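Colleague: Before I rely on any of the labels in your annotation, I would like you to take me through the reasoning behind them. Please set each value against its cut-off, and then draw the conclusion.

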Amino acid sequence: TEDFVYGSAFTPKDLGSAGSFQSNYYRGGGAIWLEVEDTLTNNGVVSANGWSNASGGSVYVKTKNLEGEGSFNADGGGLTSNSVFYYPGGGGRVAVHYDNSSFTGEVEANAGCGHVGYPDLDCGEDGTAGMFDEKNNILYVDKSWEFTSYESPFDINEMQVSDMAKIKFQEGAEVKIGKLTLSDFSQMILTGEEDLYINNFEMHDN
C-alpha cells in the first residue's frame, strides 16, 4: 500500500482521509481548532479520531495556560471487513501550544490496528503528536513525531522524547535543536538525507 502524508505537524488543520468509499461508516477524523486567550482546562476528551479504517484528523490548540488531565486525540480507525479486509487508518496530527502548563493528560495520534491473521497485528502509521512550550521553545513528544521537509527549517531550543516514542525525519528536512533528550527506549530514525544539527544530545534508559 502507498502512504499519503499531508498537513502541518506544528499547526495541523486538515481533515482526515476516509476509508472505504463504499460506506458512510468509514469517515476520516474531523479538524478541531481551539484558540484560548487565557486558560484551557481539559478534563475530558478532545477527539478527531477516524472511523473504521479511516485516518485521524487534526487537533490544533493554542492557549496561554493549559490545565487538566484529559486527552487530545486524532487516532486512526481500526481494521474492518465484510467480504474483504479494509486495513487500519493512519494516525492524524495533534499539536498543543501553550505558555504555561500543568496538564498531565495524553496527546496522541495513534494508528489504528487489527488482525488479518493471528497472531500478527496489522497497524497503520502513527501520526504526529506534540506539546509545545512556546515561552521556552521546547517540544515534548511521548508518542510519535516527524519533521517534514515542506515545513523546514526548524529551530528548537530543546526537544524531549520519552515513553518509547518514535521520531522521524523526512528526506531534505532541515532541523536545528539546541538540546535533544532521548529516553525510555525511544527511537530516532534517520534517512541520511536530512540536515540535522544538535548541540547537546543525551540518551537515558535506551
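**Labels and their cut-offs**

Modeller: Lys62 lies in strand β3 (residues 58–67), where strands (E, at least two residues), like helices (H or I, at least four), are DSSP runs numbered from the N terminus. The model is a predicted one, in which local features need pLDDT of at least 70 and side-chain atom pairs count only at pLDDT 80 or more, while totals for chains, interfaces and linings use all residues. Residues are numbered from 1 along each chain as its sequence is written, and side-chain values use heavy atoms, with hydrogens and water left out.

Colleague: Why is Lys62 called partly exposed?

Modeller: The relative accessible area of Lys62 is 42%; buried means under 20% and exposed over 50%, with partly exposed in between (1.4 Å probe, protein chains only), so a value of 42% falls into the middle class.

Colleague: What makes a residue a contact of Lys62, once its neighbours within four places in sequence are left aside?

Modeller: Contact means heavy atoms within 4.5 Å, and with those neighbours set aside Lys62 is in contact with Leu34, Glu35, Val36 and His97. Lys62 and Glu134, which are 72 residues apart in sequence, have their C-alpha atoms 9.6 Å apart in space.

Colleague: And why is Gly7 called buried?

Modeller: Its relative accessible area is 15%, which is under the limit for that class, and therefore Gly7 counts as buried. Gly7 sits in the segment before β1 (31–41), and its contacts beyond four places in sequence are Asp14, Arg93, Tyr150 and Glu151. Between the C-alpha atoms of Gly7 and Tyr150 there are 9.7 Å, although 143 residues separate the two in sequence.

Colleague: How do you know that Lys143 forms a salt bridge with Glu108?

Modeller: A salt bridge requires a side-chain nitrogen of Lys or Arg within 4 Å of a carboxyl oxygen of Asp or Glu, and the closest N and O atoms of Lys143 and Glu108 are 3.2 Å apart, which meets the requirement. Lys143 is in the loop between β12 (138–141) and β13 (144–147) and Glu108 in strand β8 (residues 106–108), so this pair ties together parts 35 residues apart in sequence. Lys143 is partly exposed at 27% relative accessibility, whereas Glu108, at 10%, is buried.

Colleague: How many salt bridges does a search of the whole structure find?

Modeller: The search finds three. Another of them joins Glu125 to Lys168, with an N to O distance of 3.6 Å; it links the loop between β10 (122–123) and β11 (128–133), where Glu125 lies, to strand β15 (residues 166–169), which holds Lys168, across 43 residues. Glu202 and Lys179 also meet the criterion, at 3.8 Å, and they connect strand β18 (residues 195–204) with strand β16 (residues 174–183), the two residues being 23 apart. Both Glu202, at 26%, and Lys179, at 27%, are partly exposed.

Colleague: Why does Glu158 have no salt bridge?

Modeller: The nearest side chain of opposite charge (Lys and Arg count as positive, Asp and Glu as negative, and His and the chain ends are not counted) is that of Lys179, 4.7 Å away, and this distance is over the 4 Å limit, so the label is withheld. Glu158, which belongs to strand β14 (residues 154–161), is nevertheless buried. Its side chain makes a polar contact with that of Gln160 at 2.8 Å, the term being reserved for N or O atoms within 3.5 Å, where within protein one must be able to donate a hydrogen and the other to accept it, and residues adjacent in sequence count only if both atoms are side-chain atoms.

Colleague: What makes β4 and β8 a pair?

Modeller: Two strands pair if DSSP finds at least two bridges between them, and β4 (residues 71–73) and β8 have three, in the parallel sense. Phe72 stands opposite Val107 in β8. The open sheet of three strands has the order β2-β4-β8, and β2 (45–47) and β8 are called edge strands because each pairs on one side only.
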